[in-house]
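Here are my notes for you, written as numbered points. Have the model open beside you and look things up as you read.

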Amino acid sequence: MQEAMIKRAKELLADGSVDRVIGWKRGEFTYDITPAVFTSAEEIDSDFVCDDFTAANVSKYLVKETQKEGKVLAFLKPCDTYSFNQLVKEHRIDREKVYVIGIEGGPKLDIEKIKAKGITGILSVKNEDYTLRIETIYGTQTMPFYEAVLDKCASCKSKKHVVFDELIGEDGDVLDSNRFEMVEKLENMTSQERFDFWRDQLSKCIRCNACRNVCPACTCENCVFDNPKSGIDNKAPADSFEENMFHIIRAFHVAGRCTDCGECSRVCPQHIPLHLLNRKFIKDINELYGEYQAGADTTSRAPLTDYTKDDCEPSVVHERGVE
Amino acid sequence: MQRIGVFVCHCGTNIAATVDVKAVAEALGHEPGVVISQDYQYMCSESGQELVKNAIKEQKLTGVVICSCSPRMHENTFRKAAASAGLNPYLVEIANIREQCSWIHKDIATATEKAIILGRTAVAKVHLNTPLNSMESPVVKRALVIGGGIAGIQTALDIAEAGFDVDIVEKQPTIGGKMAQIDKTFPTLDCAACILTPKMVEASQNERITIHSFSEVADVKGFVGNFTVKIKKKARFVDETKCTGCGLCTEKCPMKKVPNEFNMGLDNRSAIYIPFAQAVPKVATIDPNYCMMLKTGKCGVCSKVCSAGAIDYKQQDTFIEQQYGAIVVATGFNPINLDKYDEFAYNQCPDVVTSLELERLMNAAGPNGGTLLRPSDKTHPHTIVFVQCVGSRCDDEKGKPYCSKICCMYTAKHAMLIREKYPDTEVYVFYIDVRTPGKNFDEFYRRAVEQYNVHYIKGMVGKVTPKSDGKIDVQASDLLANEQLHINADMVVLAAAIEPDKTARPLATMLTTQMDTNDFFTEAHPKLRPVESATAGIFLSGACQGPKDIPETVAQASAAAAKAIGLLCKNSITCNPCVAHSDELMCNGCSSCEKVCPYGAITYIDKEFRMPDRTTKVRRVASVNPAVCQGCGACTVACPSGAMDLSGFSNSQIMAEVDAICK
Amino acid sequence: MQKISKAKLYELFDDIASKQTLYIPTDREAGAAEYRKYESGMKLTKELNTVRSAKDFFFPQTENLAEFKIDGKNIEVRDIREECEDFVIFGVRACDAKSFTILDKVFLCEPVDSFYKNRRDHGTVVTMACKRPAETCFCKTFGIDPTVPGGDVSCFDDGESIFFLANTDKGEKFVESISSFLEDGDTDKLMEVQTRAREIMGRLPLAKLSTENFGGDKLNEYFNSDKWAELSEACLGCGTCTFVCPTCQCYDIKDFNTGHGIKRFRCWDSCMYSDFTKMAHGNPRLTQLERFRQRFMHKLVYFPANNDGEFGCVGCGRCLAKCPISMNIVKVMKALEAK
Amino acid sequence: MNKNLKEQVLRSSGVNVLKCMRCGKCSATCPSYDEMEYHPHQFVYMVEKGDIETLMKSESIYKCLTCFACVERCPRGVEPAKVVEAVRLAAVRQQGGNHLEPTDIPALLDEDLPQQAIVTAMRKYAK
Amino acid sequence: MQVKENFEPVIVAFCCNWCSYAGADLSGTNRLNYPTNVKIIRVPCSCRVNPMFILRAFQKGADGVIICGCHPGDCHYTSGNYFTRRRITLLYSMLDFLGIERNRTRLEWVSAAEGAKFAATMQQFTEDVKALGPNRRLEDLRCRKQ
């Protein structure tokens, strides 16, 4: 697929259809891939990469890119197209300035999962028929491919591209994923257990803002947490309350807008399962107000800017599950 | 540095009996920024207000907190007092220590403690209050009336009378509406045309009134005092300015098999037509669905006979745009469709008619020239059954849950007229209740019974069966006699429920006004503001707001006119300054706020920003129209970036209150 | 050298912990270690290093500086400084140990940061030599020998025993205090382990990375390099690199209103954040490019310029592992060098 | 009035008799009207009053054809046939047995009896 | 959790200006008693209540937060409380998900005529919060009263 992408990118650059290409650039090791903008065939030939580690969702970069002159070619995986669409819907991306090529999605790999197996000194990772062959300075190691798959890919919701100008490879379907399993498990816990679970998780937060800054729904010109006028600005989790508040407010602000791309949990240096907060909102919205997938289209009304006269009362919260 | 004055009211003993007002004043005097803290017997009294005013002047106060009764009671009083002493009225805050403290608590110690907290909360808020100035927004001295029925005509006439220009937009080729189709009016039995047509002529001749017939409202922008409305003038293929209304074309038109909607389809008209003799404007219109020339390009008879040269087969829809200060909605009603009522055989039998059809059958300008004949065989009916509440007061999807209000009276009118004109005809009226509230209404109904011997039967028709001999079997119950009747009738007249015109809902969306589930426009307040919509500058006239008879419609039409005139009289309107505003530097342009605004007060503009690095960037940002915003604050929460805030109830103010309470 | 058999190590920990607070690196979850206060039963991690650096011990993420008590219109300032208790950090790697000397240059120069100094004075750093470096390690670039890790006390692991070598007076005192657990040991095997580790160091993918093209005199050469635009293009502007970095030392001072007073505290800040240099007049670093450049110029040029050639990086590799978009100092150095 | 009986009828019918606006359309539409001592609208009204026993004693409960014309036509969605059915059920329960054995039916058949009546008779008279 | 004998919770009530605040006034006019723990903040509409305010209240020492608005369909601004209902349902659900006690938060519709309902609601809510004891799961320790 990488060859086909490079070929198309160079063609489109050459015939002037696009001025720039956004994709991924290879790094020092096999796995440290950086999203990058390419402007020439030479750059693409030498650096462009699309492999098992190109998990980063490049759609958020298009907010910035479409503010520039000219047209940009973006390679979007199915999950990225949802983020892209949502940003178009919120007028953050100028659709006219992007040429979208849909590419097949994951499953992509999580280097942290490989390292968690105690594998270190990694020189290369090769997928040989769904067994990973990992060359290290301490010798060769193998592990099953699926044990190293990113969490967000393991619970993939859709292989369907909701927007594209052309496709490389096949378009897939919306999947019947198991993505709410963990949310359900938590819902079935007691209140105290849930409290303990989240305290344990959120106490790890170092407020590096990676989750916020990578999030395609968090494109505010000025985040409330950075704005001294908002009254809730704050830079550090100085108290457990502030750890909670940051994540509650962030999840609330993206509720109904979060496409469940899973980037927040992918980038968290402390491995906090932040996506569970977003998924809780998605699950609630689906159950209480009807199925809604943010980014599936660019016209529907978001659940929080909509209502029906016979919506449920907040007392449903009191009536279900365990206290 | 803030200089805040606190004034604690005793309210006689209302507050002072349960709250230690001296202690409250003392405690609040220690709050940061408070420079004077006093208590007084009656703060709202002349001398109490004087105390506040003097303190404002002498102490150069920058904020005032009154600890007294509910702000719903005296907020305005104290705001005015502050304004008269030179302090912006929005720098006054009220701490409600009567309704929400002294009156509900009995223990002096805890009540006093709470009063201090409430006072402290108000002090915390007033620290962050900013002077607010009510905006003035100019008023365009022109009104738009949507709908040219009796409601619209009356409203337009009244507004024009007051000296303002008015435009009427009517979707039909003529104004007049339903009343033009009605034969006689209750309870006086005078001829509807005789009282309506002079008004139609008056409207057309009034130089302040412009009638856009055969036109529709295509788009509405703007807000109270300054609406911009796009009106679509549908192609009528006749030049209105040239047509003299001579009617020659309608006579010569070879296509004569067009159902005549004015006569409820009971007879036919030509493809080029003037709806009725007294139509205003009296201008012909070509029906493109039937005109041979427009359909096949072969005919052109009307063009040949028209000496005025008014026929224009190439005419297109045109759009005009106009500014208005006020809009009056008068879109009226229609009888509901009876297709779902199989039991009344309306679709099977031509002799089962609706009341409005009966009006045409009895009208001198109707299909039978005023002689009541059965539509099927044009014979004189001898037994007529009226069925009340067809589709009204229904709990199911077929009908309407409400009472259509006018049916009882027009049925009595019909029954009476038939008995008057054709005494050999037996008339039965099946009713559930006879509802006749109104001046001379019950007397009218009793006359139908007592003087005209109309058979009123308490009960309902269950089944109408057309028989092979042309008669109609009407199976009904007589509840009082406790028997089931079969009446061998010649005609059945159904009092169909009325519903708002279908064009009302899309119009409501354009106007951002509210409708109830039945598509009637919702008034701003059911008792106190019955002719205004909740959207400022939009007024309601006639049956679009709910079922009404003619006198009520006319009364409401004039009331709506009075309200519109009241608005148009002003050169500008003062807006509530506690409205939302967006910080453009923080706005993402995501449209969340726009979607939750019930008033359409938020629009988006592409604005050029000078960036600190001297480049410029064009960004889509929200812009709140303060004249339209009512200050609910829905947008402030929808906004993820916190760019949207509400004056008078800002995020920081509310959080300061929260902090003060939780302290 | 004195040593303790690995079998007895936890006995030693129990003993230290009974006298002062002991922190050891332990697994929080598979693949993620952190320093925790030692309690009986806690095990040392097998990970090379912790996710967060050891700088937290001396320069915590948030720290109260002063308090203001507000009562009505009166404000009272309270000094909340108090003497810190003695503590020991065990298992610090050479890179982190080196980071303390870099932090010292910032916080212990005049005016001395008394909060930092207080902790530094009371903390004993016990380091642990590396045997299995990761591919992201490049401490060698900054002249660090991870087999001789430094700190107050250096520890070495020969597979069977842990050897203790005091480097400072504080270290001497510490070794003395645990002497009842120690015995003299033969270091032959240890030398072997060291040699092997050094050999591996030479084979690391980043072994050739050098600082020769960097230093205090390179300001003009690199400041206006056209590489910055490309390098910073994908930067999210998050603070991950800064917060996992053992040498980043920027902080912000803020006031928190508790309702009955004000707590003045400092917390880590990141030069990657858009409001980092925001001042009343505006922000001199307008785009991520300037902020990104600042971070790396600081480590590679400004810091050595002001600190006798000492670089502001210790090559621990945390930013290589944790940056959400995998942009890091190694890529920056290589790109700048390439010209 | 027997409150328990009323409760039982209301519950087993699932009908809210208070929705009736006394229009009489049920009785107007009822094909069995003339056979009945108490008519559909009276059933609704009498159940509302709690006068169930009178209805239970009346033959009317067996005259209803369960054709549901009243249910279909009622503008308020009251469903009088269900009320009749519920009263009949109350009667059957009190009698503690079937009003009719299937074997009795052939003797009762006559030519004018509509097919529907035979079917509904089985539904109604047998348990 | 240990309930202190003399625990007096701090309760913040957000009331919309048009219905619930007037309802609160009415319970005053009718001299219907409810606990002094409840302190009311007037907002134009329940839809003005930002989740930030609720969290802020808990941070600064509130033990319970209740929002009161017009009954659905009666909003002075026609649709505000419908948005409130969705937002607050989701927020409360999230707080519950994080293990915060459900009874610390409530949303109630109180019209201007329901003075008695207002008083009864506040009475009940205060009792519920009292039963829970002080807010410990969502408090900011720095704000705890010494």
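1. Start with where chain A meets chain E: 49 residues of chain A and 37 residues of chain E take part in the contact, where contact means heavy atoms within 4.5 Å. Together the two chains bury about 4100 Å², with 63% of that on carbon and sulfur atoms. Buried area here is the accessible area (1.4 Å probe) that two parts lose on being put together, summed over both. F241(A), I248(A) and H318(A) provide 16% of what chain A buries against chain E, more than any other three residues.

2. A word on the ground rules: this is a predicted model, so local features need pLDDT of at least 70 and side-chain atom pairs count only at pLDDT 80 or more, while totals for chains, interfaces and linings use all residues. Residues are numbered from 1 along each chain as its sequence is written, chains are lettered from A and ligands numbered from 1 in the order in which they are written, and side-chain values use heavy atoms, with hydrogens and water left out.

3. How many salt bridges are there between chain A and chain E? The count is 4, a salt bridge being a side-chain nitrogen of Lys or Arg within 4 Å of a carboxyl oxygen of Asp or Glu. One to look up is D96(E) with R194(A), whose closest N and O atoms are 3.2 Å apart. By class, the side of chain A that touches chain E has 26 nonpolar, 10 polar and 13 charged residues. In this scheme Ala, Val, Leu, Ile, Met, Phe, Trp, Tyr, Cys and Pro are nonpolar, Asp, Glu, Lys and Arg are charged, and the others, Gly among them, are polar.

4. Not every pair of chains meets. Chain A and chain D have no contact, and their closest C-alpha atoms lie 21 Å apart. For chain C and chain D, which do not touch either, the nearest C-alpha atoms are 57 Å apart.

5. Now look inside chain B, at domain 2 (142-234 + 317-332 + 503-568) and domain 3 (248-305); the bounds come from an automatic or database domain assignment. Their centres, taken over C-alpha atoms, are separated by 28 Å. In the contact, 12 residues of domain 2 of chain B meet 11 residues of domain 3 of chain B. These two domains bury about 920 Å² between them, 72% of it on carbon and sulfur atoms. P173(B), T174(B) and Q181(B) supply 50% of the area on the domain 2 side, more than any other three residues. The rule finds 0 salt bridges across this interface.

6. Is R236(B) buried or exposed? R236(B) counts as buried because its relative accessibility is 2% (buried is under 20% relative accessible area, exposed over 50%, partly exposed in between; 1.4 Å probe, protein chains only). Among the residues R236(B) touches, leaving out those up to four places away in sequence, are P173(B), S213(B) and T285(B).

7. Last, some more salt bridges, from the 114 over all chains. K235(A) and D275(C) pair at 3.9 Å, N to O, and K235(A) is buried at 10% relative accessibility. In chain B, D183(B) pairs with K184(B), with closest N and O atoms 3.8 Å apart; D183(B) is buried at 8%, whereas K184(B) is partly exposed at 24%.
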